[in-house]
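Morning, everyone. Today I want to walk through the charged pairs in one protein and then step back to the overall fold. Please have a look at the structure first.

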Amino acid sequence: MNVLLILGIDTSGHTASAAVCDENRVIAQSSVMTKLTHSQIILPMAKRVLSDAGLTLDDIGAVSAAKGPGSYTGLRIGLAAVKGISFANGCKCAGISTLEALAYNFLGMNCNVCAVMAARQNLVYNALFVVSGRQVTRLCDDRIISVEELSAELASDDKIYYGAGDYADEMSAAAPEKVFPAPPQLKYPLASSLCFAAFDRGFTPADNLAPDYLQITKAEKDLREKENK
């Protein structure tokens, strides 16, 4: 029986990550926090991960990328790379919520996850999840919310959460009794989590892949302000 291999690419934030997985294993993975642009690093990283696993793109049956929220430029780079691979190789693809992928870092555990990423000013991108072994269940949609609103919501919740994402430490400081920072190896995006989420959430034609920013870009905001003057 043929085993489906997925190449995952995450360029949603400061971490660049690439991985090759089947449904039950991380075959190869590389992650790095870099000051280089994702366009410089992600495709060479993906190529190296495949090489380390003794594979080529011809062995890959699907590709998965973070679709957002996150860095506008980073998301576009990752999705463009996945679309290009999908069109060239005829393989299926998946766009996975960056926040949901963070929850998938905790597969195999029984815990609650507050995925939280810096947005702008005092706002964060957030979603809440329950992880029970191999099952990840959403408690709310991806959203953009103020730190104060999220802290108040968590205060009225009877759950304790692991915080994951680039705002996890700050969120723990804002809600110290409700959010505890995840261990470093689970706190930041992992491309393998995109792969495992894709197995659960399914695939789509490359034409359907689109970023989900959760808020308008600065260029769109500036244009609207100009039109309203």
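Start with Arg-143 and Glu-153. Their side chains form a salt bridge, at 3.0 Å from N to O. Keep in mind that this is a predicted model. Where do the two partners sit? Arg-143 is in strand β9, residues 143-146. Glu-153 is in helix α4, residues 147-155. The two are 10 residues apart, and the pair links distant parts of the chain. As for exposure, Glu-153 is partly exposed, with a relative accessible area of 29%.

Next pair. Glu-100 and Arg-201 also form a salt bridge, and their closest N and O atoms are 2.7 Å apart. Glu-100 belongs to helix α3, residues 98-104, and Arg-201 to helix α7, residues 191-201, so this bridge ties together parts that are 101 residues apart in sequence. Is Glu-100 buried or exposed? Glu-100 is buried, at 8% relative accessible area. Its partner, Arg-201, is partly exposed, at 42%.

This pair also has company. Glu-100 and Arg-201 are linked with Arg-138 and Asp-142 in a network of salt bridges.

Third pair: Lys-159 and Asp-157. Here the salt bridge spans 3.9 Å, N to O. The cut-off is 4 Å, so the pair counts. Lys-159 is partly exposed, with 26% relative accessibility. Asp-157 has 17%. Buried means under 20%, so Asp-157 falls in that class.

How many salt bridges does the whole structure hold? A full search finds 7.

Now the charges overall. The protein carries 21 positive and 25 negative side chains. The centres of those two sets lie 4 Å apart.

On to the fold. The secondary structure comes to 8 helices and 11 strands. There are 229 residues, and a compact globule of that length would have a radius of gyration near 17 Å. The protein has 18 Å, which agrees. Along the principal axes, the C-alpha atoms fill a box of roughly 50 × 50 × 30 Å.

What about burial? Of the 229 residues, 50% count as buried. The exposed surface is about 11,000 Å², and carbon and sulfur atoms supply 51% of it.

Last, contacts. Take those between residues at least 6 apart in sequence. Of these, 61% join residues at least 24 apart.

To close, back to the bridge between helix α3 and helix α7: Glu-100 and Arg-201, 101 residues apart in sequence. That's all from me. Over to you for questions.

Conventions: Residues numbered from 1 in each chain as written. Predicted model: local features only at pLDDT ≥ 70, side-chain atom pairs only at ≥ 80, totals over all residues. Heavy atoms only, no water. Helix = DSSP H or I, 4+ residues; strand = E, 2+ residues; numbered from the N terminus. Buried < 20%, exposed > 50% of the residue type's maximum accessible area, 1.4 Å probe, protein only. Rg over C-alpha atoms; globule rule 2.2 N^0.38 Å. Contact = heavy atoms within 4.5 Å. Areas by Shrake-Rupley, 256 points an atom, 1.4 Å probe, with all protein chains shown as cover. Lys, Arg positive; Asp, Glu negative; His and termini not counted. Charge placed at Lys NZ, Arg CZ, Asp CG, Glu CD.
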